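This report concerns the structure shown below. Please keep the sequence and the model in view while reading.

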Amino acid sequence: MNGSLLKSTGAILAGLILEALLSIATDTVLEKAGWMKTDPFAPNSGRLIFFAVLYRIVFNVRGSFLKIGLAPSKPMKHDLILGFIGSPLATAGAIVMRDVPPRWYSFTVAFISMPSAWLGGVFALRINKPLYHH
């Protein structure tokens, strides 16, 4: 595997891992504080579930900053690759979870994957300069 492909893969994985860790950590903190239930999720208020969607958007955008910063070339392409991977996976998860209330939550998480990646990429390119210069 050449160095550029390794750096590209690393950038995408780093963004994915950051997004997942931030979401899991926030869910855990909210659950430990007694503010949110994760299993079952349905008893949470609609407002709290909407808040969970919002912080996932923020974390997806934050992951984009990392991917853009680490991309060896074509930073926006690296950012959107995860969106292209994440959208079908999240959609598949939503289909599997379609009977788990609230039903709208899983589909909303699937829907936000690509728009948040794109939005994060746009913000990151305007604010940050990639770490690798060409």
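The following paragraphs describe salt bridges, nonpolar cores and a surface patch.

The model is a predicted one. 

**Salt bridges**

How many salt bridges are there? The count comes to three, and the table sets out each pair with its N to O distance.

| Pair | Distance (N to O) | Helices |
|---|---|---|
| E19 and K67 | 3.2 Å | α1 and α2 |
| D27 and R56 | 2.5 Å | α1 and α2 |
| K67 and D79 | 3.2 Å | α2 and α3 |

The first row joins the side chains of E19 and K67 in a salt bridge. E19 belongs to helix α1 and K67 to helix α2, so this pair ties together parts that are 48 residues apart in sequence. Both residues, E19 and K67, are buried.

The second row concerns D27 and R56, whose side chains meet at 2.5 Å, N to O. Here D27 lies in helix α1 and R56 in helix α2, so the pair ties together parts 29 residues apart in sequence. Is D27 buried or exposed? D27 has a relative accessible area of 14%, which lies under the 20% cut-off, and therefore D27 is buried. R56 is likewise buried, with a relative accessible area of 14%.

The third row brings together K67 and D79, again through their side chains. K67 lies in helix α2 and D79 in helix α3, which covers residues 75–96, so the pair ties together parts that are 12 residues apart in sequence. K67 counts as buried because its relative accessibility, 1%, is under 20%. D79 is also buried, with a relative accessible area of 0%.

K67 appears in two of the rows above: E19, K67 and D79 are linked in a network of salt bridges.

**A buried serine**

S64 is a residue of helix α2, which spans residues 46–70. Which residues does S64 touch, leaving out those up to four places away in sequence? The contacts of S64 are E19, D79, S116, A117, G120, G121 and A124. E19 and D79, two of these contacts, also belong to the salt-bridge network with K67. With a relative accessibility of 0%, which is under 20%, S64 counts as buried.

**Nonpolar cores**

The largest nonpolar core has 11 residues, namely L30, M36, F41, L48, I49, A52, V53, Y55, F59, Y105 and I112. Helices α2 and α4 (103–127) each supply at least two residues of this core. The largest share, six residues, comes from α2. One member of the core, M36, is in contact with D27, L30, E31, F41, N44, L48 and Y55, leaving aside its neighbours within four places in sequence. Among these contacts is D27, the partner of R56 in a salt bridge.

A second, separate core has seven residues, including V61, M76, L80 and A117. A117 is also one of the contacts of S64.

**A nonpolar surface patch**

Which residues form a nonpolar patch on the surface? L13, L16, I17 and L21 do so, with about 370 Å² of accessible area together. I17 is placed in helix α1, residues 3–32. With a relative accessible area of 47%, I17 is partly exposed, because this value falls between the 20% and 50% cut-offs. Helix α1 thus holds I17 of the surface patch as well as the salt-bridge residues E19 and D27.

Methods. Residues numbered from 1 in each chain as written. Predicted model: local features only at pLDDT ≥ 70, side-chain atom pairs only at ≥ 80, totals over all residues. Heavy atoms only, no water. Patch = residues over 30% accessible without salt bridge, like charges linked within 9 Å, V, L, I, M, F, W, Y side chains within 5 Å. Areas by Shrake-Rupley, 256 points an atom, 1.4 Å probe, with all protein chains shown as cover. Salt bridge = Lys/Arg side-chain N within 4 Å of Asp/Glu carboxyl O. Helix = DSSP H or I, 4+ residues; strand = E, 2+ residues; numbered from the N terminus. Buried < 20%, exposed > 50% of the residue type's maximum accessible area, 1.4 Å probe, protein only. Contact = heavy atoms within 4.5 Å. Core = buried A, V, L, I, M, F, W, Y, C linked by side-chain atoms within 4.5 Å.
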